[in-house]
Every structure is written in C-alpha cells, then in structure tokens.
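The exercises below are meant to be worked with the sequence and the structure open side by side. Each task is followed by a solution that goes step by step.

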Amino acid sequence: MNADEKPPRKRTRADPITFQLFRKPVVAPSGETYDLTTLGVPPLPGGGGMGSPAKETLEEEFSTDAPEHLLDPITFQLFRKPVVAPSGETYDLTTLQRTKNDPLTREELPHDLSALPVNRALKRQVDAFVQQKLEGVASNAGKDLPAALACLRLALGRTDDSCLNGTRAILQSLREVGPGGMQRISLREQQDLDATLQRLGEASLGEELLPGLSRPKRQPPPSLLPPGEQTPLSAATTPAAGGPS
C-alpha cells in the first residue's frame, strides 16, 4: 500500500466518537458516518426498544440483529432498494440520493440514479428476512402486543410481498389474541389500531377486536390496499418472498 493510500475502512455498527451502537446513523458532508446525537441533534423521546416511537421504518426496526451483508455500508440499516453504483459497490438508493459521489470510492455518481441496476439477489434476501421478522413478531403477539401493533403500523402502505405476507400474519395473530387481549393496551393504542385496520380494509376486524371503542362518525381514512386488491388484506394471498410467482 502506498503512503498516500488510506487503509480500507472496517465496517462497524458503532459511532466512531462515542463508540456506542448507532441509533440513527447519518452521513456527514465529509462522507463519514456518525450517530445523529453525536452531531448535536437530540434523540426522539422514548426511543430504543422494539415498537419505539423513534422507529420510522421497518428497515430501522429490524436492522439491529440483521446479518451485516443485508445492511447498507453507510447507514448500517437494512436495504430497501439496493442499487449497484458504477464502482460495483451496493448502496441503498436513499443513501446515494444524499450525495454526488460514491460514499466509499468518492467516484462521481451518474446524474440519473434511477438508472442504476437493482441488486435483485440481495433484495430477495432482504425481503425474506423482513418477512421472517414480521412473522416472528406475529407469533409473539400474545406476549408483546405493542410490538406487533408497531410493526403493523410501520408496514402500512408497503406493497412488497414480504410486508404484505408479514402484515397478514400479524392480522391473524390479532384475531387469536381476541378482544380480551386488546384490553391490555391503552385507549390511544386501541384508536391507532382501529384507524390502521380501516386503512387496510379491515374495519370489520377492528369492530370485532374493539367492540366497545367509541367511533365518531367521520369520513373513513383512505384505503392503502394495493391497487386492484378489493378484498380485505387478510383475505388475499401472496407467494412467500423469494418463492415462485
């Protein structure tokens, strides 16, 4: 290695200043990755655990124990749309949208990032992992109902097969928990669940699980069912992630 060359960076999930695990990794203008709190931005209240309000996406929720090869090398979060840069490195599309250069090689990126090829093999692995995690949350709903409700909310509006299949598994688990189990959650959580079920086309399930909930007469929220799917989400079938079409 020449004197001017920098040694290859070792991937780590810890902030280089605090040496604590990343909670919200962000890329600084220098190209270095730090936790948002290291750069002086306070964390959202109540963050840290499964189902925390600080979690904004399923990728963020499930990144902590994900295999390293399924994580973006800059943000250390699960890939959602892994694309291959001209350097051959794979990044999430959102990572490249924040910079004009390849974060690792510093090569200039093409102007039209939408033309970058998707790493489809990696995307299938990520989808299978997300579905597995959602189904695991569903199977544990009887013991950790808030986590199941949080993941159901985070999956709202996602139309990829892994999220649809995982959402159906959670809906089935809620039926098994039943109205009695719903008494363990707060009124606010019950209202949020009812609104989420309405947007999934599952208003009848909300009425079944929360029979005593007061529902003001108002225009129902817009449905987030995939285009063309007219039946309730739980009634449709989708092949498992990575399975035959």
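**Exercise 1.** Decide whether Thr 94 is buried, partly exposed or exposed, and place Thr 94 in its element.

*Solution.* Begin with the cut-offs: buried means under 20% relative accessible area, exposed means over 50%, and partly exposed lies in between, with a 1.4 Å probe and protein chains only. Thr 94 has 39% relative accessibility and therefore counts as partly exposed. Next, locate Thr 94 in helix H2 (residues 93-96), where helices (H or I, at least four residues) and strands (E, at least two) are DSSP runs numbered from the N terminus. Finally, Lys 81, which is 13 residues away from Thr 94 in sequence, is 8.0 Å away in space, C-alpha to C-alpha.

The model is predicted, with local features needing pLDDT of at least 70 and side-chain atom pairs counting only at pLDDT 80 or more, while totals for chains, interfaces and linings use all residues. Residues are numbered from 1 along each chain as its sequence is written, and side-chain values use heavy atoms, with hydrogens and water left out.

**Exercise 2.** Compare the spans of helix H3 (residues 120-139) and helix H5 (residues 161-182) with those expected for straight helices.

*Solution.* The expected span is 1.5 Å times one less than the number of residues. For H3, with 20 residues, the reach from first to last C-alpha is 28 Å, close to the expected 28 Å. For H5, a straight helix of 22 residues would span 32 Å, yet the end C-alpha atoms are only 27 Å apart. Then look along H5 for a bend, taken as the angle between axes fitted to the seven residues ending at a residue and the seven starting there: H5 bends by about 55° at Glu 176, and Pro 179 follows within four residues.

**Exercise 3.** Find which residues of H3 are buried, and name the elements against which they pack.

*Solution.* The buried residues of H3 include Leu 122, Val 126, Phe 129, Val 130 and Leu 134, and among them are also Asp 127 and Gln 131. In the next step, follow their contacts (heavy atoms within 4.5 Å): the buried residues of H3 pack against helix H1 (58-62), strands S3 (82-84) and S4 (90-92), and also H4 and H5.

**Exercise 4.** Identify the residues through which helix H4 (residues 145-154) and helix H6 (residues 187-199) meet.

*Solution.* On the H4 side the contact is made by Pro 146, Leu 149 and Leu 152, and on the H6 side by Glu 189, Leu 193, Thr 196 and Leu 197.

Conventions:
Axes are lines fitted to C-alpha atoms, for helices over the stretch in contact, and angles run from 0 to 180 degrees between N-to-C directions.
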